[in-house]
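Reader: Please pick one part of this structure and take me through it closely. I am a first-year student, and I would like plain words and an account that holds together.

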Amino acid sequence: MYIATAVMLAALVAAQSASAKTASEWKRNDPDRPIPHQVEDARPITIPPPSDAIILFDGADLSAFRLDPQYGWTVSDGNLIAGGQIRNYLETRQHFGNLQIHLEFMTPYPPLGEGQKRGNSGVFLLGAYEIQIMDPAENPTFADGLPGSIYGQTPPSVLAARKPGEWQSYDIVFHAPDFDGDELVSPPTVTVLHNGVLVQDHTIVRGDTIPRVQPPEYRTRIERGPLVLQDHGDAGGRVRFRNFWVRPLDGPAADDG
Ligand code: MG
């Protein structure tokens, strides 16, 4: 009896200390980090672009992107389709700072592959900070690699993913960092709605998401940059995209030439 109570108390203390950790105290890709609960939602996810939006992809034209045919990004049936190669990125020609983003995507069906190698993609803000895309349906992975996470840093507050083969959306409000020389004056922040459900609420992005460093560091010290889509080259198929538009929140977008 005493032992059972002690075990229960130890478990309770462990659970409390786990939940009391702040985002920056968790290790990158920590398997012990709590998994957010799944939210079921069936609302329509398509939002037509407002009149002042910059259309990045409307079903046919890829002129908004730097496109190199060897990397295999294509258009089919009105969808933009990832090239099927690992470390293969599609980058906008225009550079942006503070930004509202709408992007629709679909992970492959039937689902194949395990963990992070299933339906993996992502949208990189300033080409540096990834909002993760992957297929988590009956496919366990670490919390800060779930869809809606700031990859390797902050899990989504809830899991709002739909099934593979269904269209989904991200609506993102991004505020770019402010640097004074090498010094960070204000960090980047991001708000993300996944299928209309809030999953990141003005969350601070604590550094670049690609370098495998802990704690994260701001290595890409820019205030304006491209939006970048990730092709992860997963064997189970290619992620599709449609209806991709943005609204710059700080004046016209700059073309980096
Ligand atoms: Mg990814």
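Author: A strand is a run of at least two residues that DSSP marks E, and strands are numbered from the N terminus. The model is predicted. The part to look at is the metal site and what lies around it.

The magnesium ion is held by five residues: Asn120 through OD1, Ser121 through its O atom, Glu130 through OE, Gln132 through OE1 and Gln230 through OE1. These donors sit at 2.1 to 2.2 Å from the ion. Along the chain they follow the spacing N-S-x8-E-x1-Q-x97-Q. Two of the donors, Glu130 and Gln132, are both buried.

One of these donors, Gln230, also takes part in the largest pocket, which has a volume of about 400 Å³. This pocket is lined by 18 residues, and the closest to its centre are Tyr89, Tyr151, Arg212, Gln230 and His232. Strands S9 and S15 (228-231) each give at least two residues to the lining. Sorted by class, that lining is made of 5 nonpolar, 7 polar and 6 charged residues.

Another donor, Asn120, leads to a closed space. Asn120 is among the residues that line the largest cavity, together with others including Gly119, Asp231, His232 and Arg238. The volume of this cavity is about 50 Å³. Its lining divides into 2 nonpolar, 6 polar and 3 charged residues. His232 lines this cavity and is also one of the residues closest to the centre of the largest pocket.

Asn120 also leads to Asp135. The two are 15 residues apart along the chain, and their C-alpha atoms are separated by 6.9 Å. Asp135 lies in the loop that runs between strand S9 (129-133) and strand S10 (168-175). Is Asp135 buried or exposed? Its relative accessible area is 1%, and the cut-off for buried is under 20%, so Asp135 is buried. Leaving aside residues up to four places away in sequence, Asp135 touches Thr107, Pro111, Arg118, Gly119 and Pro164. A polar atom of the Asp135 side chain lies 3.0 Å from the backbone nitrogen of Ala137.

Ala137 in turn belongs to another open space. The second largest pocket has a volume of about 340 Å³. Of its 16 lining residues, Glu40, Ala137, Ala161, Arg162 and Lys163 are the closest to its centre. The lining has 8 nonpolar, 1 polar and 7 charged residues.

Two loops complete the picture. Pro110 is in the loop between strand S7 (99-106) and strand S8 (121-125), and the peptide bond from Tyr109 to Pro110 is cis, with omega near 0°. Leu126 is in the loop between S8 and S9. Phi of Leu126 is near 55°, which is positive although the residue is not a glycine. Most residues other than glycine have a negative phi, and most peptide bonds are trans. Leu126 is buried, as its relative accessible area is 4%. Leu126 also helps to line the second largest cavity, along with residues including Phe96, Leu125 and Phe174. That cavity holds about 40 Å³ of space, and its lining has 8 nonpolar, 2 polar and no charged residues.

Terms used: Residues are numbered from 1 along each chain as its sequence is written. This is a predicted model: local features need pLDDT of at least 70, side-chain atom pairs count only at pLDDT 80 or more; totals for chains, interfaces and linings use all residues. Side-chain values use heavy atoms; hydrogens and water are left out. On a 1 Å grid over the protein atoms alone, a cavity is a set of points where a 1.4 Å probe fits but cannot get out, and a pocket is an open set with protein on both sides within 12 Å along at least five of seven lines; lining residues have an atom within 4 Å of a point. Grid points are joined across faces, edges and corners, and a volume is the space filled by probe spheres set on the points. Ala, Val, Leu, Ile, Met, Phe, Trp, Tyr, Cys and Pro count as nonpolar, Asp, Glu, Lys and Arg as charged, and the others, Gly among them, as polar. Donors are N, O and S atoms within 2.8 Å of the metal (3.2 Å for Na, K and Ca); water is not among the atoms, so sites may look incomplete. Buried means under 20% relative accessible area, exposed over 50%, partly exposed in between (1.4 Å probe, protein chains only). Helices (H or I, at least four residues) and strands (E, at least two) are DSSP runs, numbered from the N terminus. Contact means heavy atoms within 4.5 Å. A polar contact is a pair of N or O atoms within 3.5 Å; within protein, one must be able to donate a hydrogen and the other to accept it, and residues adjacent in sequence count only if both atoms are side-chain atoms.
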